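Please open the structure in your viewer and keep the selection panel at hand. The stops below say what to select and what is found there.

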Amino acid sequence: MNKTGFIFDLDGVIVDTAKYHYLAWRKLANELGFEFTQEQNELFKGVSRKRCLEILLEIGNIKASQEQFSRWLVEKNEDYLSLIEEMDESEILPDVLKVLQFLKKHHMPIALGSASKNARPILEKVKLMDYFDVIVDGTHVAKAKPDPEVFLIAAKQLGVPPKDCIVFEDAVAGIEAANNAGMLSIGIGDDKVLSEAKFVFANFTEIDDQFLNKLIGLTP
Ligand code: BG6
Ligand code: MG
């Protein structure tokens with residue numbers, strides 16, 4: 001029987017980093033003289049750092065030189081890194097470990113497919129590195145989600161055909177990327193927002209062994 005490849009997004013699926021990204025972007029917005037709301041932060045989920053800054057500057061109606069743009073990218077990331085400095089295992093979202101342990105027990109190939117350039121240090125902080133056979137992050141991809149690139153690279157490195165891969169994602173752009181890759185998409189979050197996903201769960205506590213057995217092909 002062919003193996004199923006499991007690909008996890010990081011931010012919003014394994015850890016709730018959106019709140020830290022928000023604080024760092026809000027600080028920059030405030031320094032530039034405008035407000036940045038939690039609702040606006042929703043637009044940033046799954047979106048690359050560079051694209052987030054472009055959107056932020058559109059919101060603030062601010063024009064930047066190349067040099068300023070690069071400086072603000074660095075500044076935001078430094079603030080973000082200081083906010084996540086103390087992050088540890090307690091920030092792993094509920095029942096993520098249960099699912100990872102189930103997949104490991106059944107020898108399923110597991111990859112990370114994230115837009116973040118900070119993915120590795122975050123996995124190290126929350127001590128999950130050992131679960132992942134493959135890590136594809138923002139340092140490896142040229143095209144951002146909803147382009148399927150990140151997931152296609154992950155599938156290739158896992159040695160599993162895309163059609164046999166399953167993606168866990170919390171962002172609309174990520175679900176689109178998984179669908180564009182020809183993979184089975186599982187949304188983690190609001191089913192109204194993630195309506196393009198094949199299945200949606202509010203969080204991993206809603207995923208039981210029966211469903212996981214189905215995913216790995218043990219039961220029809
Ligand atoms: C995604 C987040 O996973 O990574 C986005 O959902 C974030 O909000 C993007 O902008 C890039 O992250 P980083 O850590 O490289 O700035
Ligand atoms: Mg995400």
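Select His107 to begin: in this predicted model, histidine 107 sits in the loop between H5 and S2. Its phi is positive, about 55°, although the residue is not a glycine. Most residues other than glycine have a negative phi. With a relative accessible area of 59%, histidine 107 is exposed, because the cut-off for that class is over 50%.

Go next to Lys127, in the loop between H6 and S3. Lysine 127 also has a positive phi of about 55° without being a glycine. Is lysine 127 buried or exposed? At 58% relative accessibility, lysine 127 counts as exposed.

The third loop to display runs between strand S3 (134–136) and helix H7 (149–158), and Pro146 lies in it. Select Lys145 together with Pro146: the peptide bond from lysine 145 to proline 146 is cis, with omega near 15°. Most peptide bonds are trans.

Now hide the loops and select Phe8, Ile14, Phe132 and Phe168. These residues have the most contacts inside the largest nonpolar core, which has 39 residues. Among the elements that each supply at least two residues of this core are strand S1 (5–8), helix H1 (18–31), strand S4 (165–169) and helix H9 (209–215). Colour helix H5 (96–105) separately, as another of these suppliers; the largest share of the core, five residues, comes from H5.

Select the magnesium ion, ligand 2, next. Which protein donors does the magnesium ion have? They are Asp9 (OD), Asp11 (O) and Asp170 (OD), lying 2.0 to 2.1 Å from the ion. Along the chain these donors follow the spacing D-x1-D-x158-D. Aspartate 9 counts as buried at 5% relative accessibility, and aspartate 11 is buried too, at 18%, because the cut-off for that class is under 20%.

Keep Asp11 selected and add ligand 1: Asp11 is among the residues around ligand 1, which also include His21, Lys45, Gly46, Cys52, Lys117 and Asn118. By class, this shell has four nonpolar, four polar and four charged residues.

Three distances are worth displaying here. A backbone N or O atom of Phe44 lies 2.8 Å from an oxygen atom of ligand 1. A side-chain N or O atom of Arg49 is 2.8 Å from an oxygen atom of the ligand, and for a side-chain N or O atom of Ser116 the distance to a ligand oxygen is 2.7 Å. Finally, show the surface: of the 400 Å² of accessible area that ligand 1 has on its own, the protein covers 97%.

Definitions and conventions: Residues numbered from 1 in each chain as written. Chains lettered and ligands numbered in written order. Predicted model: local features only at pLDDT ≥ 70, side-chain atom pairs only at ≥ 80, totals over all residues. Heavy atoms only, no water. Near = heavy atom within 4 Å. Polar contact = N/O pair within 3.5 Å; in protein donor to acceptor, adjacent residues only side chain to side chain. Areas by Shrake-Rupley, 256 points an atom, 1.4 Å probe, with all protein chains shown as cover. Nonpolar A, V, L, I, M, F, W, Y, C, P; charged D, E, K, R; others polar. Donors = N, O, S within 2.8 Å, 3.2 Å for Na, K, Ca; no water. Buried < 20%, exposed > 50% of the residue type's maximum accessible area, 1.4 Å probe, protein only. Core = buried A, V, L, I, M, F, W, Y, C linked by side-chain atoms within 4.5 Å. Helix = DSSP H or I, 4+ residues; strand = E, 2+ residues; numbered from the N terminus.
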